[in-house]
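Here is a small set of exercises to work through with the model open beside you. Try each task before you read its solution.

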Amino acid sequence: MRGTWSIGGARNGDAYVLIDDDRVTMAGHSDDIRIARTLQQGRTPVLWLRQEGKEYIVRDAATIKQVKAAHAPVEALGAEQGKLGEQQGALGERQGDLGMKQGELGMEMAAVGVEQAAAAARQRSASQQAEIDRRMQALASEQEKLARQQEVLAREQQPLARQQEGLGRKQVAAAGKMRRDGDRLLD
């Protein structure tokens, strides 16, 4: 079941549910969907609404078309936000992988550090100390490389976050317009 959801009353306990094929568009409570489904005749689109405590059922194709048209911009923005979210998720996954590698390197660096301290306490030879120092430097170099990769991913994430913010503003405006259009239609 796909759809646009707005959980909570549309206005002052008013609610509506539009069922069209496998799509549900609603403003109300999840129980309202069950009510609307019981009133649906087969797969025919149906609009159920509760207004000022009274319940109505609408099967008029023109009215249903108007309600769907009022929701179209919100659904389009939602789809766009979903695609952007997928991109952000992919970047986040890459950042997580790098973070795990950084953690593993940090553990290795800690182990080498313990080894360094033990070597200093036992007064190892200069060649042994040089080998420990070389390993520590190699790990530090790898950490820096991963940090630079993280910075690149963070920079890639910034424009996506700005796009998501812009879509969020559009979504708020579209939802307000949808609510006003829906209220006008329902009235």
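**Exercise 1. Find the residue in β4 that Tyr 16 stands opposite, and describe how the strands around this pair are joined.**

Step 1. Tyr 16 stands opposite Leu 49 in β4. This is a predicted model, in which local features need pLDDT of at least 70, side-chain atom pairs count only at pLDDT 80 or more, and totals for chains, interfaces and linings use all residues. Residues are numbered from 1 along each chain as its sequence is written, and side-chain values use heavy atoms, with hydrogens and water left out.

Step 2. Now widen the view to the strands. Helices (H or I, at least four residues) and strands (E, at least two) are DSSP runs, numbered from the N terminus. Two strands pair if DSSP finds at least two bridges between them. β2 and β4 pair in the antiparallel sense, over 5 bridges.

Step 3. Next, look at β3, residues 23-27. Strand β2 (residues 15-20) is joined to β3 by 5 bridges, and the two run antiparallel.

Step 4. Finish with β5, residues 54-58. β4 and β5 are also antiparallel, with 5 bridges.

**Exercise 2. Which residues have a positive phi in the turns of the two hairpins?**

Step 1. Begin with the hairpin of β2 and β3, which has 2 residues between its strands. Asp 20 has Arg 23 as its bridge partner in β3. In the turn, Asp 21 has a positive phi of about 60°, although Asp 21 is not a glycine.

Step 2. Check the cover on Asp 21. Its relative accessible area is 41%, so Asp 21 is partly exposed. The classes are buried (under 20% relative accessible area), exposed (over 50%) and partly exposed (in between), using a 1.4 Å probe and protein chains only.

Step 3. Turn to the hairpin of β4 and β5, again with 2 residues between the strands. Here Gln 51 has Lys 54 as its bridge partner in β5. The turn holds Glu 52, with a positive phi of about 50°, and Glu 52 is not a glycine either.

Step 4. Glu 52 has a relative accessible area of 73%, so this residue counts as exposed.

**Exercise 3. What does the side chain of Asp 14 reach, and what does Asp 20 touch?**

Step 1. Locate Asp 14 in the loop between β1 (2-4) and β2. Its relative accessibility is 9%, so Asp 14 is buried.

Step 2. The side chain of Asp 14 reaches the backbone nitrogen of Glu 52 at 2.8 Å.

Step 3. Move to Asp 20, which lies in strand β2. At 19% relative accessibility, Asp 20 is buried.

Step 4. Leaving aside residues up to four places away in sequence, Asp 20 touches Pro 45 and Lys 68. Contact here means heavy atoms within 4.5 Å.

**Exercise 4. How are β3 and β4 covered, and which elements give two or more residues to the largest nonpolar core?**

Step 1. In β3, 4 of the 5 residues are buried, so the strand is largely enclosed by the rest of the structure.

Step 2. In β4, 6 of its 6 residues are buried. Val 46, Trp 48 and Arg 50 lie on one side, Leu 47, Leu 49 and Gln 51 on the other, and both faces are covered.

Step 3. A nonpolar core is a set of buried Ala, Val, Leu, Ile, Met, Phe, Trp, Tyr and Cys residues joined through side-chain atoms within 4.5 Å. The largest has 25 residues, and Tyr 16, Leu 18, Leu 47, Leu 49 and Val 112 have the most contacts inside it. The elements that give two or more residues to this core are β2, β4 (46-51), α2 (61-122) and α3 (126-186). The most come from α2, with 10 residues.

Step 4. A second, separate core has 9 residues, including Val 24, Met 26, Ala 36 and Trp 48.

**Exercise 5. What pattern does the protein chain follow, and how spread out is it?**

Step 1. The chain has 3 helices and 5 strands, in the order β-β-β-α-β-β-α-α along the sequence.

Step 2. The radius of gyration is 29 Å, well over the 16 Å that the globule rule gives for 187 residues, so the chain is more spread out than a compact globule. This radius is taken over C-alpha atoms, and the rule is 2.2 Å times the number of residues to the power 0.38.

Step 3. Along the principal axes, the C-alpha atoms fill a box of roughly 90 × 30 × 30 Å. Buried residues make up 33% of the 187 residues.

Notes:
Polar contact = N/O pair within 3.5 Å; in protein donor to acceptor, adjacent residues only side chain to side chain.
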